[in-house]
Amino acid sequence: MRILYVYEGPRNAAREAEVLRTLNDRFGGVSQTDSHSGEEGLTTVTLEAEEQRSLAIVEHLREQSDALDAVQGSFGENA
């Protein structure tokens, strides 16, 4: 299942790698498939994970990281 999270600032590969490492240590089976920075100063990261773990991953991102938000699927644009 696709998971998106967004953080403030330009794309930071080291920061994203640390988040991915933490998620894999805790949940396993998480991969990053995309990352891009927008004009509004935010970076959106796309992850893939097994559906049964995706809600726990979203909750973890919201509570335990510096992500501004995290969702399953889509933030709503082009939905």
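**Fold, sheet and core of the predicted model**

The protein chain holds 2 helices and 4 strands. The structure described here is a predicted model. Read from the N terminus, its elements follow the order β-α-β-β-α-β. The C-alpha atoms occupy a box of roughly 35 × 30 × 20 Å along the principal axes. The radius of gyration is 12 Å, and a compact globule of 79 residues would have a value near 12 Å, so the two agree. Of the 79 residues, 35% are buried. Contacts between distant parts of the sequence are frequent: among those joining residues at least 6 apart, 63% link residues at least 24 apart.

The strands build an open sheet. Its 4 strands are arranged in the order E2-E3-E1-E4, and their pairing is antiparallel. Strand E2 (31–37) and strand E4 (69–72) form the edges. Each has a single partner strand, so one side of each lacks a neighbour in the sheet. On average, neighbouring strands are turned by 15° against each other, direction ignored. The antiparallel pairing of E2 with E3 extends over 6 bridges. Within this pairing, Gln 32 has Leu 47 of E3 as its bridge partner.

Both helices lie across strands of the sheet. H1 crosses E1, E2 and E3, and runs at about 135° to E1. H2 lies across E1, E3 and E4. Relative to E4, H2 runs at about 170°.

The largest nonpolar core comprises 16 residues. Ile 3, Tyr 5, Leu 23, Val 30, Leu 47, Ile 57 and Leu 61 have the most contacts inside this core. At least two core residues come from each of strand E1 (2–8), helix H1 (13–26), strand E3 (42–48) and H2. Ile 3 illustrates how these parts meet. Beyond its neighbours within four places in sequence, Ile 3 is in contact with Val 45, Thr 46, Leu 47 and Ala 49. The contacts of Ile 3 also include Ser 54, Ile 57, Val 58 and Leu 61, as well as Val 71 and Gly 73.

Leu 61 is a second residue of this core. Leu 61 belongs to helix H2, which spans residues 51–64. The relative accessible area of Leu 61 is 1%, so the residue is buried, the cut-off being under 20%. Outside the range of four places in sequence, Leu 61 touches Ile 3, Tyr 5, Val 19, Leu 23, Leu 47, Ala 67 and Ala 70. Among these partners, Ile 3, Tyr 5, Leu 23 and Leu 47 are also listed with the most contacts inside the core. Leu 61 and Glu 18 are 43 residues apart along the chain, and their C-alpha atoms are separated by 12 Å.

Ser 54 is a polar residue placed in helix H2. Its relative accessibility is 0%, and Ser 54 therefore counts as buried. A polar atom of the Ser 54 side chain lies 2.8 Å from the backbone oxygen of Glu 51. Away from its neighbours within four places in sequence, Ser 54 is in contact with Met 1, Ile 3 and Gln 72. Ile 3 thus appears among the contacts of Ser 54 and also among those of Leu 61.

Conventions. Residues are numbered from 1 along each chain as its sequence is written. This is a predicted model: local features need pLDDT of at least 70, side-chain atom pairs count only at pLDDT 80 or more; totals for chains, interfaces and linings use all residues. Side-chain values use heavy atoms; hydrogens and water are left out. Buried means under 20% relative accessible area, exposed over 50%, partly exposed in between (1.4 Å probe, protein chains only). Contact means heavy atoms within 4.5 Å. A nonpolar core is a set of buried Ala, Val, Leu, Ile, Met, Phe, Trp, Tyr and Cys residues joined through side-chain atoms within 4.5 Å. A polar contact is a pair of N or O atoms within 3.5 Å; within protein, one must be able to donate a hydrogen and the other to accept it, and residues adjacent in sequence count only if both atoms are side-chain atoms. Two strands pair if DSSP finds at least two bridges between them. Axes are lines fitted to C-alpha atoms, for helices over the stretch in contact, and angles run from 0 to 180 degrees between N-to-C directions. The radius of gyration is taken over C-alpha atoms; the globule rule is 2.2 Å times the number of residues to the power 0.38.
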